[in-house]
Amino acid sequence: MSVNGVTSGNSVDYNTYTNTSTGTNNAAADVKAEDTSSKNNSGVVYEKSEETKTDSAKKTYKPNTELVAKLKADAEARTAQMRNLVEKMMMQQGTAFGTANNDSMWKFLAGGNFTVDAATKAKAQADIAEDGYWGVNQTSDRILDFAKALSGGDPDKIEDMKNAFIKGFKQATGTWGKDLPSISSKTYDAVMEKFDKWAEESKKTNTVENATESQA
């Protein structure tokens, strides 16, 4: 589920914005800041072109570095929280945690050879519920928020962001060691739909702006 590593299992790769969180989504974990107010901050900046008098306002796009930093910090905190929980569970069952990265943790969860106490199970079920933090809705929203913040909302970057997400999903599958749980597949579909919606809305906006300019 999530912002490159958004709970996918390995460390978050924000440079390619790979959604390794999709994998974690599977393990009841995914990372992406859920700040509703920040969703409205696209990072778009309008600057007037001074090339000719006929030029209309020229739109430029800049990454929303503040939101990107917030999302990264939240992802790291959530991943650490998940890691600590799993590490305790593994130790209680006599399993060595292994390497310093998260690979052993995700493979342990993927294996399913462990028991969970009632309280932990209830918390995990709530987190991966449809509207839970690691659920399909919140996870897919966080991934799109990250993509828009990283690209500054530039519609020309939509395909790049989508491809980075696909790459992250594949990496998450590799880390998991087998097909990801169904919740991850549902999250993947939701993310792709939201990318398509973003692209469609951008086309409509561009059409309106061009029509307005031609009438000016």
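The legends below accompany close-up views of a predicted model.

**View 1. The whole chain holds eight helices and two strands.** From the N terminus on, the elements run α-α-β-β-α-α-α-α-α-α. The chain has 216 residues, and 42% of them are buried. Among contacts with a separation of 6 or more, 63% join residues 24 or more positions apart. About 11600 Å² of the chain is exposed, and carbon and sulfur atoms supply 50% of that area.

**View 2. Helix α7 covers residues 158–176.** At 1.5 Å a residue, its 19 residues should span 27 Å. The end C-alpha atoms are 27 Å apart, which agrees. Buried residues of α7 include Ile-158, Met-161, Phe-165, Phe-169, Ala-172 and Trp-176. Seen down the axis, the buried residues of α7 fall within an arc of 160°, so they line one face of the helix. Lys-170 and Gly-174 are exposed on the other side. Just after α7, Gly-177 takes a positive phi of about 95°.

**View 3. The largest nonpolar core has 15 residues.** Met-82, Val-86, Met-105, Trp-106, Phe-108, Leu-109 and Trp-176 touch the most other members. The elements that give two or more residues to this core are α3 (65–92), α4 (103–111) and α7. Helix α4 gives the most, with five residues. Another core, of ten residues, lies apart from this one. Its members include Ile-143, Met-161, Met-192 and Trp-198. In soluble globular proteins, nonpolar side chains tend to be buried together.

**View 4. Glu-159, Lys-162 and Asp-196 are linked in a network of salt bridges.** Glu-159 and Lys-162 meet at 3.7 Å, N to O. These two residues are three residues apart in helix α7, and so are separated by about one helical turn. Glu-159 is partly exposed, with a relative accessible area of 45%. Lys-162 is buried, at 11%. The side chains of Lys-162 and Asp-196 form a salt bridge at 3.0 Å, N to O. Lys-162 lies in helix α7 and Asp-196 in helix α8 (residues 182–215), so the pair ties together parts that are 34 residues apart in sequence. Asp-196 is partly exposed, with a relative accessible area of 44%.

**View 5. Lys-157 forms a salt bridge with Asp-154.** The closest N and O atoms are 3.5 Å apart. Lys-157 is partly exposed, with a relative accessible area of 35%. Asp-154 is buried, at 10%. The count of salt bridges comes to five.

Definitions and conventions: Residues numbered from 1 in each chain as written. Predicted model: local features only at pLDDT ≥ 70, side-chain atom pairs only at ≥ 80, totals over all residues. Heavy atoms only, no water. Helix = DSSP H or I, 4+ residues; strand = E, 2+ residues; numbered from the N terminus. Expected span 1.5 Å × (residues − 1). Buried < 20%, exposed > 50% of the residue type's maximum accessible area, 1.4 Å probe, protein only. Arc of directions from axis to C-beta. Core = buried A, V, L, I, M, F, W, Y, C linked by side-chain atoms within 4.5 Å. Contact = heavy atoms within 4.5 Å. Areas by Shrake-Rupley, 256 points an atom, 1.4 Å probe, with all protein chains shown as cover. Salt bridge = Lys/Arg side-chain N within 4 Å of Asp/Glu carboxyl O.
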